[in-house]
Amino acid sequence: MELVGPGTCGGGGAARAAEGRPAPEARVHFRVTRFIMEAGVKLGMRSIPIATACAIYHKFFCEIDLDAYDPYLVAMSSLYLAGKVEEQHLRTRDIINVSNRYFHPGSEPLELDSRFWELRDSIVQCELLVLRVLRFQVSFQHPHKVKTLCLEFLCLSWAKGYLLHYLVSLKNWLNRYSWQRTPVSVTAWALLRDSYHGGLCLRFRAQHIAVAVLHLALQAYGVEVPAEAEAEKPWWQVFSEDLTKPIIDNIVSDLIQIYTMDTEIP
């Protein structure tokens, strides 16, 4: 496994309780990143800005103890900052109203009173704190980052993302009927999106995560890559020469841990 920063960074395998269950910190991060994703969708954010917001959040709490700051305030500031980083600027007022509706379903937008302005100032001040803690390093390489809108529609051509390239190649290798009858691509995208509930984006290289989610999607539907038995190297090593089976297993293990939390946390 390729670690970046502390061994417990992002709530991965090292952040599990002694009995193999997720540590309390990992459960908090799961809940908060779920908030980031849902709020991001309601704010009309694209996939990449949402992923960046999750990465900023996880990276911040790699450096700072969870008890030091309100994680939801950090999450709101991460959304605000990610919008700037990925050139999809958000208004603090919209972030506040969406967040308020998330915590208080059915509530009306907040009045522009002292409470509103205090919260707005907190978000802005927290954004500056996040930037300082992360030493202004808030640009991330995502496994699915592309320069077109094709990602939003699962377009498999003319895009520049690891997972997109791998899906195009795999589609050409597989029997077209095997490809059409199994939702491998949709499942791989879902696994990649869900990986941001944990800190995989900080602990593993982007191309390794892309291959791992594709590997898991193929396994889920029992799809085999043709001629792999006769090949000099496994199909996934064709995509990334430095990738090993233990790295794939570690990524898959962390993904399974995320889904375990998803079933346990209401």
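The following paragraphs describe the confidence, the nonpolar cores and the salt bridges of a predicted model.

Residues are numbered from 1 along each chain as its sequence is written. In this predicted model, local features need pLDDT of at least 70, side-chain atom pairs count only at pLDDT 80 or more, and totals for chains, interfaces and linings use all residues, while side-chain values use heavy atoms and leave out hydrogens and water. The average pLDDT (the predictor's confidence in each residue, from 0 to 100) is 82 for the protein.

The largest nonpolar core (buried Ala, Val, Leu, Ile, Met, Phe, Trp, Tyr and Cys residues joined through side-chain atoms within 4.5 Å) has 44 residues, of which Ile36, Ile56, Phe60 and Val130 touch the most other members. Buried here means under 20% relative accessible area, exposed over 50%, and partly exposed in between, with a 1.4 Å probe and protein chains only. Helix H2 supplies the largest share of this core, ten residues; helices are DSSP runs of H or I with at least four residues, and strands are runs of E with at least two, numbered from the N terminus.

Eight salt bridges occur in the structure, each a side-chain nitrogen of Lys or Arg within 4 Å of a carboxyl oxygen of Asp or Glu. One of them joins Arg203 and Asp254, with the closest N and O atoms 2.4 Å apart. This pair links helix H9 to helix H12, 51 residues apart. Arg203 counts as buried because its relative accessibility is 2%, and Asp254 counts as buried because its value is 5%.
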